[in-house]
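Dear colleague,

I am passing on the structure below, and I would be glad if you could read the notes that follow with it open in front of you.

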Amino acid sequence: MISAAMQQIWEVFIVLFFATFTKSAYTRSCGRPSAPLPDDSASYCLSWRLGVEANNVRAWRTVPTQCLRHIENYMTGGQYERDLNFIMEHIESYIDTIQLSEDGLDAWILDVDDTCISNVFYYRGKRFGCDPFDPDGFRKWALRGGCPAIPAVQRLFNNLVGSGFKVFLVTGRDEETLGQATLDNLHNQGFIGYEKLIMRSAAYRGQSAVAYKSEIRKQLEGGGSGGDIGAGGYRIWGNVGDQWSDLQGNCTGNRTFKLPNPMYFVP
């Protein structure tokens with residue numbers, strides 16, 4: 001005869017056993033990971049990167065030190081490339097809906113740094129953005145002309161040129177100091193057939209990226225105002241950049257597409 005106390009202990013054991021079994025079965029059936037949940041630092045860095053990409057975190061100078069490994073893993077561990085490919089699929093779907101005219105004025109804008117060509121090798125030495133921006137160091141890096149093409153964007157570029165779009169590469173790089181190095185770098189990486197590379201001339205020094213790129217786009221749509229943009233009149237169907245400042249302001253185009261870049265912020 002089992003005593004009342006033993007009966008209660010047995011009932012508690014049965015309840016705990018089935019609760020544990022059910023939870024384990026649920027975890028397996030739903031495919032939940034067996035790895036432990038992220039610690040507070042990892043969770044914070046995920047939220048920080050989301051805030052950066054959504055433009056809720058602005059005017060930041062450096063990546064938080066505790067997020068160094070998170071950003072390094074993101075940029076070099078495969079997720080960055082997967083995110084780029086995902087965005088390119090949506091861009092390609094959008095391109096398929098566009099009916100080009102026969103006047104040669106259907107345009108597309110691409111940023112250069114960390115849009116067409118990558119600076120990840122440079123930023124590896126800057127702890128993936130945990131160190132402050134170094135203008136002189138970056139200029140020396142850019143003068144080497146060794147930035148590799150970003151494969152997903154290069155495929156997009158080739159598709160745009162092959163489809164008949166006039167592709168304009170618009171960059172905040174200084175034309176006087178980095179003009180030839182940038183031209184050579186792009187050419188060596190296979191960016192051939194674009195309409196024009198537009199760089200920051202002396203007239204735009206000191207302007208924010210938003211103001212400078214807005215003026216360039218305005219000239220493309222409405223005609224050059226003393227510059228060498230040309231007659232203008234272009235229809236900007238798409239605008240791609242890794243910074244929100246590439247995509248804000250005036251004359252942004254019919255669609256804008258933001259590429260991920262948690263390593264630095266350009267106002």
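The notes below take up one helix, then the cysteines, then the salt bridges.

This is a predicted model, in which local features need pLDDT of at least 70 and side-chain atom pairs count only at pLDDT 80 or more, while totals for chains, interfaces and linings use all residues. Residues are numbered from 1 along each chain as its sequence is written, and side-chain values use heavy atoms, with hydrogens and water left out.

Helix α8 covers residues 175-188 (helices are DSSP runs of H or I of at least four residues, strands are runs of E of at least two, and both are numbered from the N terminus). Its 14 residues should span 20 Å at 1.5 Å a residue, and this agrees with the 18 Å between its end C-alpha atoms; the expected span is 1.5 Å times one less than the number of residues. The helix has a kink of about 25° centred on A181, the bend being the angle between axes fitted to the seven residues ending at a residue and the seven starting there. A181 is also one of the buried residues of α8, together with L178, G179, T182, N185 and L186, where buried means under 20% relative accessible area, exposed over 50%, and partly exposed in between (1.4 Å probe, protein chains only). The elements that cover these buried residues include α6 (135-143), β2 (166-174) and β3 (196-200), contact being heavy atoms within 4.5 Å. Just after α8, G190 takes a positive phi of about 95°.

Turning to the cysteines, a search of the whole structure finds 1 disulfide, a term that requires a pair of cysteine sulfur atoms within 2.5 Å. The disulfide joins C45 to C67, with an S to S distance of 2.2 Å, and it is left-handed because the torsion about the S-S bond is about -95°. Since C45 lies in helix α2 (residues 40-53) and C67 in the loop between α2 and α3 (68-76), the pair ties together parts that are 22 residues apart in sequence. Both C45 and C67 are buried.

The structure also holds 12 salt bridges, each defined by a side-chain nitrogen of Lys or Arg within 4 Å of a carboxyl oxygen of Asp or Glu. In one of them R235 pairs with D103, the closest N and O atoms being 2.7 Å apart. R235 lies in strand β4 (residues 235-241) and D103 in the loop between α4 (79-95) and β1 (106-110), so this pair ties together parts that are 132 residues apart in sequence.

With best wishes
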